[in-house]
Amino acid sequence: CEKCRPQAEEVERQRKARAYKKADAKRKDEVTAFYRTKDWLTLSRAYLQSKNYRCERCGRIAECVHHRHYIRSPGGWEKRLEWSNLEALCSDCHAVEHGRKRPGVARH
């Protein structure tokens, strides 16, 4: 009935929120596990070597391999082991890429 509709809609909204949270937690676990796989460790080391451990953006020492298409984004998971989806980055450029640091604020 119309009187109960707002309450029913709120219950449904909460149910969906719980389902999304559960699915997101599972996805995070899957992504975390991926970064520990032999395939990723071998590929990322080989990629850094191929770039002579230099950041592809600023030329400093590269410390990580970044996915151009984030693996949590649509289509990114399928590209997680593609060479063309990788980029060698220093920690500052990687922090800027992920919004943890403003561009131009470097520690060097």
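Start with strand S1: of the elements lining the largest pocket, S1 gives the most, with four residues. Keep in mind as you go that this model is predicted.

**Stop 1: the pocket**

Select residues 64-67 to see S1, then 38-50 to see helix H2. These are the elements that give two or more residues to the lining of the largest pocket. The pocket has a volume of about 300 Å³. In total, 16 residues line it. Now pick out Tyr 35, Val 65, His 67, His 94 and His 98, which lie nearest the pocket's centre. Colour the lining by class. You should count eight nonpolar, five polar and three charged residues.

**Stop 2: His 67**

Stay on S1 and select His 67, which lies in this strand. Is His 67 buried or exposed? Its relative accessible area is 4%, and buried means under 20%, so His 67 is buried. Show the side chain of Tyr 35 as well. A polar contact of 3.2 Å joins the side chains of Tyr 35 and His 67. Which other residues does His 67 touch, leaving out those up to four places away in sequence? Besides Tyr 35, select Phe 34, Trp 40, Arg 80, Asn 85 and Leu 86.

**Stop 3: Trp 40**

Move on to Trp 40. Set aside its neighbours within four places in sequence. Trp 40 is then in contact with Phe 34, Tyr 35, Val 65, His 67, Arg 80, Leu 81 and Leu 86.

**Stop 4: the nonpolar cores**

Trp 40 also belongs to the largest nonpolar core, which has 12 residues in all. Select the rest of this core:

- Val 31, Phe 34, Leu 43 and Tyr 47
- Leu 48, Ala 62, Val 65 and Ile 71
- Trp 77, Leu 86 and Ala 88

Where do these residues come from? Helix H1 (5-34), H2 and strand S2 (86-89) are the elements that give two or more residues to this core. H2 gives the most, with four. Another core, of five residues, lies apart from this one. To find this other core, select Cys 64, Leu 89, Cys 90 and Cys 93, which are among its members.

**Stop 5: the whole chain**

Zoom out and switch to a cartoon view. The chain has three helices and two strands. Follow the elements from the N terminus: they run α-α-β-β-α. How many of the residues count as buried? Of the 108 in the chain, 25% do. Finally, look at contacts with a separation of 6 or more. Residues 24 or more positions apart account for 57% of these contacts.

Methods: Residues numbered from 1 in each chain as written. Predicted model: local features only at pLDDT ≥ 70, side-chain atom pairs only at ≥ 80, totals over all residues. Heavy atoms only, no water. 1 Å grid on protein atoms, 1.4 Å probe; cavity = no way out; pocket = protein on both sides within 12 Å on 5 of 7 lines; lining within 4 Å. Points joined across faces, edges and corners; volume = space filled by probe spheres on them. Nonpolar A, V, L, I, M, F, W, Y, C, P; charged D, E, K, R; others polar. Core = buried A, V, L, I, M, F, W, Y, C linked by side-chain atoms within 4.5 Å. Buried < 20%, exposed > 50% of the residue type's maximum accessible area, 1.4 Å probe, protein only. Contact = heavy atoms within 4.5 Å. Polar contact = N/O pair within 3.5 Å; in protein donor to acceptor, adjacent residues only side chain to side chain.
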